[in-house]
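Biologist: Please show me the model. I would like to go through its cysteines and its strand pairing.

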Amino acid sequence: MKRQTKRRNAFWAAALGTFAAFVFSTASASAQVDAFDWKFDETGATLVSVKDKKITTAQIPATVDGKPVVAVGGKAFRNCYALESVELPASLTSFDETAFYDCSYKLRLIAPDGSFAAKFAEKNQMRGAAPKK
């Protein structure tokens, strides 16, 4: 009887852990999306602005509402003086040159090697390390 109880407890502990991991990863992804204002069109989503100008790091999701994030709009991160790093998805195909207007001079953009975002970061001397796979 004790053996069955231990197995049952182990099963429920594993199931609860899996559920908790799903809930927290979903909440985290949702928080990333909710941190920004978005504009949608037929090609995908454009990040229009960041809601909290006091952020120090940001991770732009690869998709929003099932659409790829393809652009960062003009002055999207304007006046984010404390911003030190932004992780960018490979799905980006467009950056407004003023996207990081009035941000910290220490700002580093983190993007997958060879991506449009990585080329933008290198061109503007804001390249950070490539994300871990």
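Modeller: Two strands count as paired if DSSP finds at least two bridges between them. Keep in mind that this model is predicted.

Biologist: Which strand is joined to strand 5 by two bridges and runs parallel?
Modeller: Pairing takes at least two bridges. Two bridges join strand 5 to residues 94-95, and the two run parallel. Ala-71 stands opposite Ser-94 there. The partner is strand 7.

Biologist: In which sense do strand 2 and strand 5 pair, parallel or antiparallel?
Modeller: Strand 2 covers residues 45-50 and strand 5 covers residues 67-72. Ala-45 stands opposite Val-69 in strand 5. Three bridges link the two strands, and the sense is parallel.

Biologist: Which residue in the turn between strand 4 and strand 5 has a positive phi?
Modeller: Strand 4, residues 63-64, runs antiparallel to strand 5, with two bridges. Val-64 stands opposite Lys-67. The two strands form a hairpin with two residues between them. The one with a positive phi, about 50°, is Asp-65.

Biologist: How many disulfides are there?
Modeller: A disulfide needs two cysteine sulfur atoms within 2.5 Å. The sulfur of Cys-103 is 5.1 Å from its closest cysteine sulfur, in Cys-80, so that is too far for a bond. Cys-80 is in no disulfide. The count is zero.

Biologist: Is Cys-103 buried or exposed?
Modeller: Buried means under 20% relative accessible area. Cys-80 has 0% relative accessibility and therefore counts as buried. Cys-103 has 17% relative accessibility, so Cys-103 counts as buried.

Notes. Residues numbered from 1 in each chain as written. Predicted model: local features only at pLDDT ≥ 70, side-chain atom pairs only at ≥ 80, totals over all residues. Heavy atoms only, no water. Buried < 20%, exposed > 50% of the residue type's maximum accessible area, 1.4 Å probe, protein only. Helix = DSSP H or I, 4+ residues; strand = E, 2+ residues; numbered from the N terminus.
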